[in-house]
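Me: Please take a close look at one part of this model, the place where the ligands are held. I would like a connected account of it, residue by residue where that helps.

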Amino acid sequence: SIPAWHPPTRGDLRSPCPGLNTLANHGLLPRDGNNLRRAVVVDALKTGYNFDDALANGLFETGLTTNPEPNATWFSLEHLNTHGIIEHDASLSRADAYTGNNHAFNPSIFAQTSKYWTGATLTPTTMAYARIARELDSKVFNPEYAFDASREIQAWGESAIFTAALGNIQEGTADKNIVEYFFKKERLPVALGWKKQAVPVQNSDLAHITNLIGNVTGSVPVLLTPSENPLRS
Ligand code: HEM
Ligand code: MG
């Protein structure tokens, strides 16, 4: 069963990741957001979202890359804030590092995203369009905007991961109310009738949804610099 939800209290570390903040708010990860070790992270991803061992271990290892200590065996939610490792510009719900806060939920940034999630159900199409909207906004207003093709794939993966946790994996869709509740409250949306996936979520599920989203736009000529644009010779 899932421990009670509490918002963070003074001194608790939180991150730019709504998925991990949610687990910490439920006490599935340490509520202080510190000292996240492999066993506790893998277990939390399983208990909270039914992610399988391979997926959970891979995600943990990605998180480890943000601890500057050599051969680290843990990371904190604060480590995840480091700009340019996992954290990147044009997030769906956070401002760019250039503004001074790349980690707290930002209602006006999220309102941009939400505007492009038209309809009661998010689809690969609306997820792809919302991504592009955020990227264009950052490109225009952030003089230090950095985003390349590999970030684009990562960012599709971030929409895929909330869809895998909250929505319909085969279709790549999710209920907008459930997704908004999750982002805004950083709470498992049990009160809205959500249940974790019955079948363990695998790496291949994430790849499947990432492809559905990526296939909407293909490469991203609007967002690349001219030299990176495959359409220019
Ligand atoms: C974003 C790390 C698991 C959902 C991020 C970011 C980091 C991160 C550093 C910031 C990227 C950015 O700049 O937007 C991790 C690590 C995980 C993990 C290390 C596991 C060990 C999860 C899970 C979910 C999730 C399980 C969903 C249930 C998201 C979403 C974003 C994100 C939706 C994008 C937020 C936005 O664009 O505003 N994650 N994450 N993550 N993460 Fe996680
Ligand atoms: Mg970011």
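Reply: The magnesium ion (ligand 2) is a convenient place to start: its coordinating residues are Glu 87 through OE, His 88 through O and Ser 91 through OG, at 2.0 to 2.2 Å. This is a predicted model, so these distances and those below are computed from predicted coordinates. Along the chain, the donors of the magnesium ion follow the spacing E-H-x2-S. Two of the residues named, His 88 and Ser 91, are both buried.

The stretch that holds these donors also includes a backbone feature. Ala 90 has a phi near 60°, which is a positive value in a residue other than glycine. Ala 90 belongs to the loop between β2 (74–75) and α4 (107–116). Ala 90 counts as buried because its relative accessibility is 0%, and buried here means under 20%.

His 88 and Ser 91 lead on to ligand 1. There are 26 residues around ligand 1, and those that come nearest are Cys 17, His 88, Ser 91, Leu 92 and Ser 93. Three of these have listed approaches to oxygen atoms of the ligand. For His 88, a backbone N or O atom lies 2.9 Å from an oxygen atom of ligand 1. For Ser 91, an N or O atom in the side chain is 2.5 Å from an oxygen atom of ligand 1. For Ser 93, a polar side-chain atom lies 2.6 Å from an oxygen atom of ligand 1. Ser 91 therefore appears twice in this account, through OG as a donor to the magnesium ion and through its side chain beside ligand 1.

Cys 17 has another role in the geometry. Its SG is the only protein donor of the iron atom of ligand 1, at 2.3 Å. Cys 17 is placed in the segment before α1.

Next, the wider surroundings. The space that ligand 1 takes is the largest pocket. Elements giving two or more residues to the shell around ligand 1 are α1 (18–25), α2 (38–49), α3 (53–64), α6 (149–166) and α7 (176–185). Of the elements, α6 gives the most, with four residues. By residue class, the shell divides into 18 nonpolar, five polar and three charged.

Some residues in or beside these elements can be described further. In helix α2, Leu 45 is buried, because its relative accessible area is 5%. The C-alpha atoms of Leu 45 and Leu 20 are separated by 8.6 Å, although the two residues are 25 apart along the chain.

Glu 61 is in helix α3. Glu 61 counts as partly exposed because its relative accessibility is 38%, a value in between the limits of 20% and 50%. Its side chain makes a polar contact with the side chain of Arg 38, at 2.7 Å. Glu 61 and Thr 73 are twelve residues apart in sequence, and their C-alpha atoms are 9.2 Å apart in space.

Asn 35 is a further residue with positive phi: its value is near 55°, and it is a residue other than glycine. Asn 35 sits in the loop between α1 and β1 (36–37). With 37% relative accessibility, Asn 35 counts as partly exposed, whereas Ala 90, at 0%, counts as buried.

Conventions. Residues numbered from 1 in each chain as written. Chains lettered and ligands numbered in written order. Predicted model: local features only at pLDDT ≥ 70, side-chain atom pairs only at ≥ 80, totals over all residues. Heavy atoms only, no water. Donors = N, O, S within 2.8 Å, 3.2 Å for Na, K, Ca; no water. Buried < 20%, exposed > 50% of the residue type's maximum accessible area, 1.4 Å probe, protein only. Near = heavy atom within 4 Å. Polar contact = N/O pair within 3.5 Å; in protein donor to acceptor, adjacent residues only side chain to side chain. 1 Å grid on protein atoms, 1.4 Å probe; cavity = no way out; pocket = protein on both sides within 12 Å on 5 of 7 lines; lining within 4 Å. Sits in = over half its atoms within 2 Å of the grid points. Nonpolar A, V, L, I, M, F, W, Y, C, P; charged D, E, K, R; others polar.
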